[in-house]
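These are my notebook entries on a structure I went through, written in the order in which I looked things up.

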Amino acid sequence: MRPPRRLVVELCVVTVAMLGLALVLAEDRRETQQVAQWDKKAQQGAGIAETDTTKQKEADRELQRAVETLEKYEAQISKQQRRKYARRESALKTRRGVTELLPQWLRGRVRWAESLASWLFDGAKRRSSAAWFPLQPAAEEKEKEESVRQAEATVRRLAAAGHRAAQMAAGDMLLYGKYGVAADARSAFAHYEGAASSEGSGSDDGRAQYMVGVYYATGLGGVKQSNALALAYTTQAAARGVTAAEMALAFRYAAGIGVEESCAQAMAHYQSVARKGIAFYLAGPPLGRAAQAPAHRARLADDSGGAYGARTGARALRSAGSRAEFAEIVDYHVQRARKGDVASGATLADLHYHGHRFAPRSYVAALAHVRRLTARLFTRRTELRTGLAPEETRVAAQAAGMLGLMLLRGEGTAVDTGGALRWLRAGAALGHGAALNALGVMHQRGIGVRASADRAAELFRRAADAGHSGGMTNHALTIAATQPQTALASLKRAAAAGHILAHYHLAELRAAAPGAAACRLAVASYRFVAERGDWLHSPLGAAHSSYERGRLAASAVDYVRAAEMGYGVGQLNAALLLERTSHECGFRSSLSANATAAGLCAHSVVGAREAHERLALAYWTRAANQDIADARTKQGDHYFYGWGVARSFERAAAAYVLAANADASGLAMWNVGWMYETGTGLPRDLYMAKRWYDRCAAANEPGKLAASLSLLRLSAKYLWAWVRGEDVGEAPLFFAPAAAAAQEREEKETEEKEKDAGVGNQEDEREPEPDAAAGVDAAAEHDADTDTDTGAWLLGRLDGADRAAVPDVWDQGGAADHDYDLDYDFDHDYAAAAGNSNNNPDGDDDDDGDNSGSFGESVFVVVFLVAAAWMFLPFR
């Protein structure tokens, strides 16, 4: 019997359903197994990642313990080095070679005598120098404890394993010769480069990028200098927020070093640095953080009397005095203060409050002196005692204001708002500007009193009227909305006084204004803030600390970093240390065992002698462009002797003339006179030589003897040439040439006519812009006759016609407002100098006649000089 059709269909449907269910179950089983496999692999990967993380954390902890051990050891040996290091002037004192200035027949004998002296005395100096300078790395190595050795080995092991922080620590250790390790700048570069090439975006690799950029910018450790690579690495570091890299990049764009000069780029980077500095400044106590210690900006040349070891002119660097002299002055004021002299007491309080190069800042000591003054000058009810002299009243106002500030800011004591309010009111009643400004801040913020904007504005106005820069700034910010022009004028006055917040607000205003002039002014103000508010990024403090400990090579490295960031004092100090390395550390047959013992020679900063001299020339040039005295003369020396650049007497003469005119350098004047006398780099002209020697004698008291001897020699040369029938010029030595004298008389007659007619120099009569003395000099450097990577960027210029040439009020003197190129018009120089008298180097004669003396006087002088000049024969 056949099954019904319906039953067959049902059976087929059930069979298909069962097969489908089986397939679904099988697929689910496969998926479950695959998920299980994935989970197993994920768990294994997580275990590996967790293991890696654990290893990384353990390495970090191990490195931290090692670094802590090494830093403790570094602090111990630092104290020893500061006590042992002395007489550093002997290592840094500049010796200017004079062999080339001697007659040809005498030079060989002098060089032979120098070589003999070096052979005889060099060994003795090395033996005696061991007591002058700190422990050398070899001696320090013997005194290391086992824990220090293990910590050093740990840092090296982790660095070799690719740990970025360890690589940075190892690089710093080798670059600076820390922890008693012998310095090796080239090996340090390998660690920095490894950290820079590692993956990640942490702060360690950002700083590594910056350090690699410093190497390529300077040729540090013998690395081939490359502006392109320096720019690339520095840009990457700046993009990662490294403030020092931003500073270096801003200076490169502002000066056109290795890149096309760009005011917009310079402003952007300086603005970023300035905003970081201002944020840190305002995050401090009321009225902002205290400035950096004065020792950080010390010029090392001042230790030995200047870049040449002696005063060379009116604007030359002078001796800052020794610690012993400073101690005697402080002791004098201490004795006077004990006898009741309030002026000496105020001097000591101010000294300890602000600090000095030879005396670190001490708020506790300052507070003690201030309390003695207030107890003497005020009653217990904070009332001024009667019968005080005007000087004592002035000191009372200063003491009350200082005590109020210290109580408000918690300096040397706990914060005491009530006491601060009481003493600030006492100082404000006596018209003390700082007290008025601080009291205004208390009313503005409601510190200890009810907040009152009107009362604060009144106090700020009074502080501004008293000449206080902080009061001017706060007064300007208070009235900016209602009296913008008055506020702007007040900000400019405060900026001229060097107030960092005034510069910042001026920069913000100028940055928003269109035009190239506004951009240049904004860059100047931003740069001021970035260099003055450098709590977070300045290498100057570390550089000076290394110098104080006798580690001159480590000091040179940090000063080189500061120089690349645009610090004028960094450029000056770096040039000085590099020049000493180049001249005294085996590169020349010099007699400086002291520099060797100081660690300056054992660890060559850059490498070869030529690299040191080339980099030193670059920094002398940049320092000269920032109007630092003696730097332009040093630049001329490099061209004259061919140090780090092709020898060029013409460019040396141009640099000397610029230094003589801009810096009033007596040494530069003597150099120009000698070059005119011998025809070296300038046309031989005995008359011009005499004029420059006269200017040297008038401008520089210590140089009078040299100028007088040179005049003796010059007079004898003149007569000898005249007897032999040689060309001695158009007029006698002691008279101006007819053409020059006629031109001078014509110019004086024209000036007198204009004066009688009421026509003056309109430019001289204009009042200078208030902020023209408050910014930073805009220095520019251009490529000369050599390739960029081999040092074309060494030659610098001042572009004052296109920039705001404003002086750096904490780092330099005034900057000239004109172009300081080395292409000098010597015909104009001849005409200008021809009118100068012996005693008036500026050429401003008091009468219309020739002021160089009568004929009889000149004949007497000639006869006298001839009688005394026989020792200079024979002449060439």
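I began with helix α19 and listed its buried residues, which are S469, G470, G471, M472, T473, N474, H475, A476 and I479. Since nine of the 11 residues of this helix (residues 469-479) are buried, I noted α19 as largely enclosed by the rest of the structure. I then looked up what the buried residues of α19 pack against, and found α17 (433-445), α18 (453-465), α20 (484-496) and α21 (500-512).

Before going further I reminded myself that this is a predicted model, and I looked up its confidence. The mean pLDDT of the protein is 77, and 70% of the residues reach 70 or more. Over residues 586-600 the pLDDT is below 50, although the model gives this stretch 50 contacts beyond near neighbours in sequence. Residues 869-876 also stay under 50 in pLDDT, and for them the model has 18 contacts beyond four places in sequence. I keep a caution beside both entries: where pLDDT is low, the predicted coordinates should not be read in detail.

For the overall picture, I recorded 36 helices and two strands in the protein. Of its 876 residues, 50% count as buried, and the accessible surface comes to about 41100 Å², of which 55% belongs to carbon and sulfur atoms. I also noted that, among contacts between residues at least 6 apart in sequence, 65% join residues at least 24 apart.

Next I turned to the cysteines, asking how many disulfides the structure holds. The structure holds one disulfide, and this disulfide joins C263 to C519 with an S to S distance of 2.0 Å. The link of C263 and C519 is left-handed, with -120° about the S-S bond. The pair links distant parts of the chain, as C263 sits in helix α11 (residues 263-282) and C519 in helix α22 (residues 516-532), 256 residues apart. Is each of the two cysteines buried or partly exposed? I entered C263 as partly exposed because its relative accessible area is 25%, whereas C519 counts as buried because its relative accessibility is 12%. I also looked up C696, which is buried, with a relative accessible area of 3%.

Staying with helix α11, I looked up H269, which has its place in that helix. H269 has a relative accessible area of 16%, and therefore I entered it as buried. Not counting residues up to four places away in sequence, H269 touches E246, L249, A250 and Y253.

I then examined A543, which lies in helix α23 (residues 540-548). A543 counts as buried, since its relative accessibility is 0%. Leaving aside residues up to four places away in sequence, I found that A543 touches S555, D558 and Y559. I also noted the spacing of A543 and A556, which are 13 residues apart in sequence and 7.1 Å apart in space, C-alpha to C-alpha.

My last entry concerns the surface, where I asked which residues make a nonpolar patch of about 390 Å². That patch is made by V14, M18, L21 and L25. I followed up L21, which lies in helix α1 (residues 5-84), and entered L21 as partly exposed because its relative accessibility is 45%.

Conventions: Residues numbered from 1 in each chain as written. Predicted model: local features only at pLDDT ≥ 70, side-chain atom pairs only at ≥ 80, totals over all residues. Heavy atoms only, no water. Patch = residues over 30% accessible without salt bridge, like charges linked within 9 Å, V, L, I, M, F, W, Y side chains within 5 Å. Areas by Shrake-Rupley, 256 points an atom, 1.4 Å probe, with all protein chains shown as cover. Salt bridge = Lys/Arg side-chain N within 4 Å of Asp/Glu carboxyl O. Helix = DSSP H or I, 4+ residues; strand = E, 2+ residues; numbered from the N terminus. Buried < 20%, exposed > 50% of the residue type's maximum accessible area, 1.4 Å probe, protein only. Disulfide = S-S within 2.5 Å. pLDDT = per-residue confidence, 0-100. Contact = heavy atoms within 4.5 Å.
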